[in-house]
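This report introduces one protein model to a reader who meets it here for the opening time. Please keep the sequence and the model at hand while reading.

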Amino acid sequence: MAGRRRGGIGGGVEVLDSIYSVVALVFILVACVELGDAATAVDVYRLIQYDIAGVPYGSRVAGLNHHAGASPFAPGADLSRTVVMMPVRELNLTFLREYIISNQPLGGLLLLLPKKVSNRIVGEVKSKDDGLMRNILVELEQLLIQANIPYPVYFAFEDDMINAVLADVRKSDATGQPPMATTGGYKLVVSIPEPKRVSSPTITNIQGWLPGLKGDGDTNQLPTIAVVASYDTFGAAPALSVGSDSNGSGVVALLEIARLFSRLYSNPKTRGRYNLLFGLTSGGPYNYNGTLKWLRSFDQRLRESIDYAICLNSIGSWKNQLWIHVSKPPENAYIKQVHEGLSDVANELGVTIGIKHKKINISNPRVAWEHEQFSRLRITAVTLSELSAAPELLESTGGLHDTRDSLDEAAIYRTIRLVAESLARHIYGHQGRNIQIFADNSSLAVNPSYISAWLDLLSRTPRVAPFLSKTDPIISALKKELSDHTVEVHVQHETIDGMFSFYDSTRATLNIYQVASVAFDLLLLLALGAYLILLFSFLVLTTRGLDDLINLFRRPPSRKVKAA
């Protein structure tokens, strides 16, 4: 009797061990299936979310968890649970605009940008495809940032993996079956918290000073010339808004001009009788808000000492003509002097300088050009730009198309020569004389390697002000560089005008899962269940025998039978 009990106990342990082995096998199989489902993970960049005076713009949602589709905006199609994948080069902007304006539901939008290309060779002619893609990106960007979009919108770069997923999705769509749980396909998942408003976004202005040389017994304050460039950007995807031309080109030109004059001013014999003020300002896309706060921080004496200011904006892709934008009439003596100084040097370089006059409307808070903030404080200033007309608010501020390969370094080189020579002739009294102070192959020549290195850095560094901290590496780098060429470098931190609000979550990781249909899952479940039943029966037979296996499935006797 005791032996039978011991045998029963030992057999039960063996059965339990067998069951544990089966359970472990199930978990291993499930884990393998789950690991096999993940197709790929890619970096994605979210459409900006912001408010102007309380009015919402951009994408208002960040989380994503829907099936992928590639046949967008078909009439009558229900896309409320579909993420449309679409290469930008194939995008029909008319259909997209109508879809957004009509507020039709969409699970999400994933826009695929062309592959990143290497730096363009200086002077290389751009193809027609480049111009077409630029126009598409400009129009797409303005459409997206000026709309209130209630679903997530992300950008990603085309690569082999994502193109393979897109090809599979298109094959599935070609069958006419929408992507859903019953048909399988790909599922796109972005798991991030809902965006939060950025509290007290800051803007940082950086200024450097090169003091002029006073004569013996001269107690009067020397006149000052200011060279200014706004360094921050704005675009549909903040994490991609590098602004190589607008306004990375202006920043690079300012730094090189500061380097050239620092060499002149380092020697008392060649130091001019003008102070030079260099300003790297923030808040450019937002009505040049940082420039206004920087100017208001000046004392009255400094404001009155400024002879004129030259603001550099988008000077990296022009061919034969630049434009001077002014608020005062071109007949004004000071404006005429600046224009003639620049025109004389331009003629020697074989280029043309045009002039555009635009009056300031004091009652309108919109500021189209940086020099207008100077003009509002009665300081003579001009903006030098390749743009012939003032852009609208949040246009031409460093969008998706404004990348390193869109630049022509020769254009930046010519602009630096143009501004530096005209300033030097004004400072040293050589107006109207063909004297080249910064001639090629001289010790004061413009340095192309310096220009290229800074363009490379700025072209891989997004600079959207609300997402730059006070100690951001790019701000520290600009401050250090200006400190190397000027003295009395000062950093000013301010808060962006309250009419602008911004939200975080600018980039994320997109997980793409390949999912099977429900029918396949049911078939797999039945096959796995049958296999487990057969395996369990086999284990019991080999350890306990046929009678015990039958007893496991036999109905236990009722309580009445037991009592009898």
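## Overall make-up

Helices (H or I, at least four residues) and strands (E, at least two) are taken as DSSP runs and numbered from the N terminus. Counted in that way, the secondary structure of the protein comes to 15 helices and 19 strands. The model is a predicted one, in which local features need pLDDT of at least 70 and side-chain atom pairs count only at pLDDT 80 or more, while totals for chains, interfaces and linings use all residues. Residues are numbered from 1 along each chain as its sequence is written, and side-chain values use heavy atoms, with hydrogens and water left out.

A residue is called buried when its relative accessible area is under 20%, exposed when it is over 50%, and partly exposed in between, with a 1.4 Å probe and protein chains only. Of the 564 residues in the protein, 48% are buried. The protein exposes about 27200 Å², of which carbon and sulfur atoms supply 55%; such areas come from the Shrake-Rupley method with a 1.4 Å probe, and for residues only the protein chains shown count as cover. Contact means heavy atoms within 4.5 Å, and among contacts between residues at least 6 apart in sequence, 83% join residues at least 24 apart.

## Nonpolar cores and helix H5

In soluble globular proteins, nonpolar side chains tend to be buried together. A nonpolar core is here a set of buried Ala, Val, Leu, Ile, Met, Phe, Trp, Tyr and Cys residues joined through side-chain atoms within 4.5 Å. The largest such core holds 62 residues, and within it Phe261 and Leu312 touch the most other members. Helix H5, which covers residues 244-265, gives the most to this core, with 11 residues. A second, separate core of 45 residues includes Leu79, Leu111, Leu113 and Phe234.

H5 is mostly covered, since 21 of its 22 residues are buried. The expected span of a helix is 1.5 Å times one less than its number of residues; for the 22 residues of H5 this gives 32 Å, which agrees with the 30 Å between its end C-alpha atoms. Asn247 is found in H5, and the peptide bond that leads to Asn247 from Ser246 is cis, with omega near 5 degrees. Leu312, when residues up to four places away in sequence are not counted, touches Asn247, Gly250, Ala253, Leu254 and Ile257, among others.

## Aromatic rings and charges

Rings of Phe, Tyr and Trp (its six-membered ring) pair if their centres lie within 6.5 Å, and planes under 30 degrees apart count as stacked, over 60 as edge-to-face and the rest as tilted. By this rule the count comes to 11 aromatic pairs. In one of them, Tyr45 and Phe157 meet edge-to-face, at 6.1 Å centre to centre and with 75 degrees between the planes. This pair links distant parts of the chain, with Tyr45 in strand S1 (residues 38-46) and Phe157 in strand S8 (residues 153-157), 112 residues apart. Tyr45 counts as buried because its relative accessibility is 9%, whereas Phe157, at 23%, counts as partly exposed. Elsewhere, Tyr50, Tyr57, Phe234, Tyr286, Phe467, Phe500 and Phe502 form one aromatic cluster.

A charge sits over a ring if NZ of Lys or CZ of Arg is within 6 Å of the ring centre and within 35 degrees of the ring normal. Lys356 lies over the face of Trp323, at 4.7 Å from the ring centre, and the charged end of Arg414 sits over the ring of Trp318, 4.5 Å from its centre.

## Loop residues and unusual backbone

His401 is found in the loop between strand S16 (381-385) and helix H10 (409-427), and with a relative accessible area of 16% this residue is buried. Apart from residues up to four places away in sequence, His401 touches Arg134, Leu137, Val138, Glu141 and Ser406.

Most residues other than glycine have a negative phi, and most peptide bonds are trans. Arg378 has a positive phi of about 65 degrees although it is not a glycine; Arg378 lies in the loop between helix H9 (371-376) and S16, and at 77% relative accessibility it counts as exposed. Ser505 also has a positive phi of about 65 degrees, and lies in the loop between strand S18 (500-502) and strand S19 (507-515), where its 22% relative accessibility makes it partly exposed.
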